[in-house]
Amino acid sequence: MDDPRFLLLYGVLTLVGVASIRKALYDRQTSNIPVIGSTGFLSSYRDGLNFLVKAPELVQQGYDQYPDGVFRIARPYRWDYVVSGTKLVKEIANAPEDALSFHEGVGDLIQCILFRPSCCQLSKINQFLANITIGHELTENHHLLINVVRTTLTRNLHARFPDVGDEIIHAFEDVLQLTGSEWKTIHVLPTVMAIVSRVSNRLFVGLPLCRNREYLENNVKFAVNVIQSGQTINLFPPLLRPLVGWWVTSKNQNTDIAMGILGPMIEERLAKDDELGPNWPDRPNDFISWLLDSAEGSDRQVRTLVGRVLQVNMAAIHTSSMAFTHALYNLTTYPEHILPMREEAERMVRQDGWTKNALNNMHKIDSFLRETQRFNGVGPMLMLRRVVAKNGFRLSTGAVLPYGSFVCVAARATHSDPANYENPNNFDGFRFAREREAQAANADPDKDIFKRHMISTAPDHLPFGTGKHACPGRFFASTELKAMLAHVVMNYDVKAEVDGVRPQNKEFAGRVSPNPKGKVLFRKRQ
């Protein structure tokens with residue numbers, strides 16, 4: 001009995017038992033919402049484990065049974081409430097923060113919030129777990145980062161596009177290292193991450209740091225670790241997650257490395273701002289300056305600012321790399337799209353130069369990326385929210401989502417619904433370009449062609465979310481991805497490693513990502 005291994009096992013089983021009892025008691029309070037699977041004490045846990053590998057099928061089953069309603073799906077340590085139909089999607093998207101909390105939902109996505117009926121207890125644990133894998137820089141005054149991305153960064157996309165476009169050219173050349181007319185096999189995801197990191201940091205920190213290999217590799221490692229550590233934490237019982245979090249995260253190491261590289265630059269910027277004011281000659285127009293323009297008090301500490309840059313890198317590298325990897329897989333699987341996009345890109349560049357204006361008129365490229373988002377770029381569930389209204393949240397159907405529960409929308413099922421898209425199970429890269437052309441030709445004032453742009457959100461197109469909490473970085477992401485795709489089709493020939501075979505996506509615990517081991521072939525355009 002004194003064996004420490006026995007005591008450790010006993011402690012773990014006790015914690016799991018406590019978590020199980022809490023969940024079972026809470027489940028019985030919310031049994032009025034239909035369940036996909038079982039509500040039994042043990043069988044619901046079996047269903048929760050089944051969710052890890054069959055989430056898309058389970059959500060699709062619920063969507064088919066309740067196309068305009070709400071249903072529950074068991075996860076290992078909680079229930080998720082899933083709404084279907086564009087009407088209810090709008091209700092979730094437009095709900096006030098004091099009823100359905102976007103920020104509590106985001107906290108769960110990032111840090112696997114501990115399951116507890118009490119939202120008061122939850123907020124403390126949420127912040128604690130977020131500090132483990134992201135850092136307090138995000139959990140404290142997270143609005144600062146969001147506001148800078150939504151406003152200043154977006155406003156500067158036109159002014160800074162020459163730099164972004166220039167870095168795309170150099171990054172592809174340096175990373176791919178192609179010679180002659182030979183085909184070269186490219187390991188897609190790490191290659192794309194290296195390019196996206198360089199291009200994004202041309203805007204974030206500028207030259208020469210955006211080409212510093214140690215700095216870039218540290219940003220990529222931080223982005224990958226945040227996602228992987230979150231997935232790992234989520235596999236453990238809620239009461240064990242803080243312990244597991246400390247073990248799996250590399251936040252402190254990544255921040256220390258970034259401090260050594262980026263810290264001196266930020267210290268110099270702060271000193272000049274303090275001495276000369278925010279408008280000193282040749283002050284860089286980059287993300288660091290934009291942060292300094294908005295940061296006050298403790299937000300102006302060097303380590304905090306370094307953390308902000310790491311965090312914006314995490315968002316940019318992860319989302320854009322996943323999206324562009326999907327796009328390259330689709331480009332090589334459906335190569336009939338290449339020549340029309342090449343012709344369009346070259347025509348626009350001849351007309352307007354390698355500029356943001358030219359990019360805005362590349363409708364086929366925009367459409368191809370939007371279709372990639374619809375077809376491959378989303379998991380089965382998106383737009384996670386936490387119910388924080390004490391009396392729950394009542395949907396227009398009459399269903400009440402209980403206080404403390406999580407709610408999301410059936411995203412992939414929405415994207416594959418024939419009521420929303422013609423032939424939804426076929427990849428059609430120019431689907432949205434044709435719709436835009438048809439609407440423009442008809443000049444119908446009741447139809448807005450901008451609703452089919454890549455940046456546009458809608459209840460039937462959810463990669464960037466929709467409503468007031470739609471992704472604030474989608475304007476930069478869209479510009480970056482469109483410019484990268486235009487550069488590829490104009491300057492390279494690409495083909496699949498095996499003709500007609502797309503590397504299979506990886507799906508786990510409700511997350512969908514492009515195959516991390518997939519390859520395609522590149523050569524200089526002949």
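Mentor: A residue is buried when its relative accessible area is under 20%, exposed when that area is over 50%, and partly exposed in between, using a 1.4 Å probe and the protein chains only. The structure shown is a predicted model, in which local features need pLDDT of at least 70 and side-chain atom pairs need pLDDT 80 or more, while totals for chains, interfaces and linings use all residues. Residues are numbered from 1 along each chain as its sequence is written, and side-chain values use heavy atoms, leaving out hydrogens and water.

Trainee: Why is Asp 174 called partly exposed?

Mentor: Asp 174 has a relative accessibility of 37%. That value falls between the limits for buried and exposed, so Asp 174 is partly exposed. Phe 508, in strand β10 (residues 506–508), is also partly exposed, because its relative accessibility is 33%.

Trainee: How many residues of the protein chain are there, and what percentage of them is buried?

Mentor: The protein chain has 526 residues, and 56% of them are buried.

Trainee: What makes a stretch of this chain a helix or a strand?

Mentor: Helices are DSSP runs of H or I with at least four residues, strands are runs of E with at least two, and both are numbered from the N terminus. On that basis the protein chain contains 20 helices and 12 strands.

Trainee: How do you know that Asp 174 and Arg 198 form a salt bridge?

Mentor: A salt bridge needs a side-chain nitrogen of Lys or Arg within 4 Å of a carboxyl oxygen of Asp or Glu. For Asp 174 and Arg 198 the N to O distance is 2.9 Å, which meets the limit, so the pair counts as a salt bridge. The two residues are 24 residues apart: Asp 174 belongs to helix α8 (residues 157–176) and Arg 198 to helix α9 (residues 188–204). Arg 198 is buried, because its relative accessibility is 8%. Both residues also take part in a network of salt bridges whose other members are Arg 160, Asp 163, Asp 166, Glu 167, Arg 202 and Arg 211.

Trainee: What makes Glu 371 and Arg 431 a link between parts of the chain?

Mentor: The side chains of Glu 371 and Arg 431 meet in a salt bridge, at 3.1 Å from N to O. Glu 371 lies in helix α17 (residues 363–376) and Arg 431 in helix α19 (residues 431–442), so the bridge ties together parts that are 60 residues apart in sequence. Both residues are buried.

Trainee: Which of Asp 47 and Arg 46 is buried, and which is exposed?

Mentor: Asp 47 is buried, because its relative accessibility is 12%, whereas Arg 46 is exposed, because its relative accessible area is 53%. Their side chains meet in a salt bridge of 3.3 Å, N to O. The whole structure has 27 salt bridges.

Trainee: How do you know that β3 and β5 pair?

Mentor: Two strands pair if DSSP finds at least two bridges between them. Between β3 and strand β5 (residues 381–387) there are 2 bridges, so they satisfy the definition. Their pairing is antiparallel, and Ser 101 stands opposite Arg 386 in β5.

Trainee: Why are β1 and β3 called edge strands?

Mentor: These strands belong to an open sheet of 5 strands in the order β1-β2-β8-β5-β3, with mixed pairing. The strands β1 (70–75) and β3 (100–101) each pair on one side only.

Trainee: Which strands make up the antiparallel sheet, and in what order?

Mentor: That open sheet has 3 strands in the order β4-β12-β9. Its edge strands are β4 (184–187) and β9 (492–496). Strand β12 (residues 519–524) is joined to β4 by 4 bridges, and Lys 519 in β12 is the bridge partner of His 187.

Trainee: What sets Gln 177 apart in its phi?

Mentor: Most residues other than glycine have a negative phi, and most peptide bonds are trans. Gln 177 is not a glycine, yet its phi is positive, about 50 degrees. Gln 177 sits in the loop between α8 and β4 and is exposed, because its relative accessible area is 55%. Asp 282 likewise has a positive phi, near 65 degrees. Asp 282 lies in the loop between α12 (251–276) and α13 (287–294), and its relative accessibility of 75% makes it exposed.

Trainee: What is the form of the peptide bond from Leu 207 to Pro 208?

Mentor: That bond is cis, with omega near 0 degrees. Pro 208 is in the loop between α9 and α10 (213–234).
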